[in-house]
Amino acid sequence: MRPYHQIQICECGEPLVEIPLQLFAVESPHPYEKLGAPYGVHSPYYLRQTVVENLIQAQNYLQLLRPHWYIQIFDAYRPVAVQQFMVDYSFAQALNERGLTEAELSPTQRQELWELVYQIWAAPSLDEKTPPPHSTGAAIDVTLVNEQGQIVDMGSPIDEMSARSLPDYYANNQDPQAQQYHAHRQLLCDVMLRAGFQRNPREWWHFSFGDQMWAWLSNQSNPENSFTARYGRLKIDA
Ligand SMILES: C[C@@H](N)C(=O)N[C@H](C)C(=O)O
Ligand SMILES: [Zn+2]
């Protein structure tokens with residue numbers, strides 16, 4: 001359980017719609033599809049209607065500040081089966097990077113590795129009260145592309161299981177390169193927040209609107225708020 005799982009979900013029934021990809025930059029091929037993740041009826045490029053509208057707004061704000069820059073979509077809708085696949089894949093990757101096999105792990109090592117995975121991945125829960133954020137169609141992983149069509153360097157790749165994924169990792173670093181990374185992360189965050197999103201406190205790239213994490217973060221930032229979540233897990237694919 002994460003703190004945001006305390007938030008009540010009042011599902012509003014808004015449809016999942018296709019993201020108009022022609023308006024955005026898109027990571028291609030899709031990072032999880034290329035690993036063989038088991039998508040069902042919908043591709044990853046779907047979100048709830050209002051979330052798509054807000055994402056278009058965020059890009060409009062971006063282009064007021066940086067003409068010809070784009071929001072690049074890395075991932076959006078993710079069935080629970082895909083969440084499970086990516087959690088297992090990330091555990092196997094962490095083992096591999098350490099030159100270990102699962103059989104030789106001590107119980108402590110196993111627990112430490114799972115904790116590392118769950119630092120950035122939500123649990124693939126099928127419980128209606130604790131849906132993984134992307135399985136609600138309300139969460140999106142994004143970065144920026146500049147006027148030359150180059151991916152803007154944020155100082156760490158999306159999905160890296162390290163402290164560099166923390167949004168403020170470079171905030172107090174005086175190195176000019178680090179300051180640039182931080183400024184780029186802030187720019188992304190500013191345009192997304194202006195369009196109504198909230199950012200995951202652990203990941204510079206993950207934003208959501210209307211899910212439990214969004215409601216919890218909105219309530220934390222203003223004690224006068226008492227938002228509930230309007231989007232729960234979609235039952236179409238999972
Ligand atoms: C790991 C990253 N792609 C992500 O989406 N993390 C959040 C917390 C999630 O799994 O929902
Ligand atoms: Zn995410």
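**Ligand surroundings, zinc site and aromatic contacts**

Ligand 1 is surrounded by 14 residues, of which R78, Q83, I120, A122 and D159 come nearest; a residue is near a molecule if one of its heavy atoms lies within 4 Å of it. The structure is a predicted model, in which local features need pLDDT of at least 70 and side-chain atom pairs count only at pLDDT 80 or more, while totals for chains, interfaces and linings use all residues. Residues are numbered from 1 along each chain as its sequence is written, chains are lettered from A and ligands numbered from 1 in the order in which they are written, and side-chain values use heavy atoms, with hydrogens and water left out.

Polar contacts (pairs of N or O atoms within 3.5 Å) join ligand 1 to several side chains. An N or O atom in the side chain of Y32 is 3.3 Å from a nitrogen atom of ligand 1. A nitrogen atom of the ligand also has a polar side-chain atom of D141 at 3.1 Å, and for E203 the corresponding distance to a nitrogen atom of ligand 1 is 3.1 Å. Taken alone, ligand 1 exposes 310 Å², and the protein buries 99% of that area (Shrake-Rupley method with a 1.4 Å probe).

D141 appears again at the zinc ion (ligand 2), which is coordinated at 2.0 Å by H134 (NE2), D141 (OD) and H206 (ND1). Donors are N, O and S atoms within 2.8 Å of the metal (3.2 Å for Na, K and Ca); water is not among the atoms, so sites may look incomplete. Along the chain, the donors of the zinc ion follow the spacing H-x6-D-x64-H. The arrangement is tetrahedral because the four donor atoms subtend angles of 89 to 129° (all angles must lie between 85 and 135 degrees). H134 and D141 are both buried, that is, under 20% relative accessible area with a 1.4 Å probe and protein chains only.

Ten aromatic pairs are found in the whole structure; rings of Phe, Tyr and Trp (its six-membered ring) pair if their centres lie within 6.5 Å, and planes over 60 degrees apart count as edge-to-face. The pair W204 and W205 is edge-to-face, because the ring centres are 5.4 Å apart and the planes stand at 90°. Both W204 and W205 are buried. One aromatic cluster is formed by F197, F209, W214 and F227.

Charged side chains also lie over aromatic rings. R66 lies over the face of W69, at 5.5 Å from the ring centre, and R194 over the face of Y61, at 4.0 Å. The criterion is that NZ of Lys or CZ of Arg is within 6 Å of the ring centre and within 35 degrees of the ring normal.

Notes:
Phe/Tyr/Trp six-rings, centres within 6.5 Å; stacked < 30°, edge-to-face > 60°. Buried < 20%, exposed > 50% of the residue type's maximum accessible area, 1.4 Å probe, protein only. Tetrahedral: all angles 85-135°; square planar, octahedral: opposite > 155°, others 65-115°. Polar contact = N/O pair within 3.5 Å; in protein donor to acceptor, adjacent residues only side chain to side chain.
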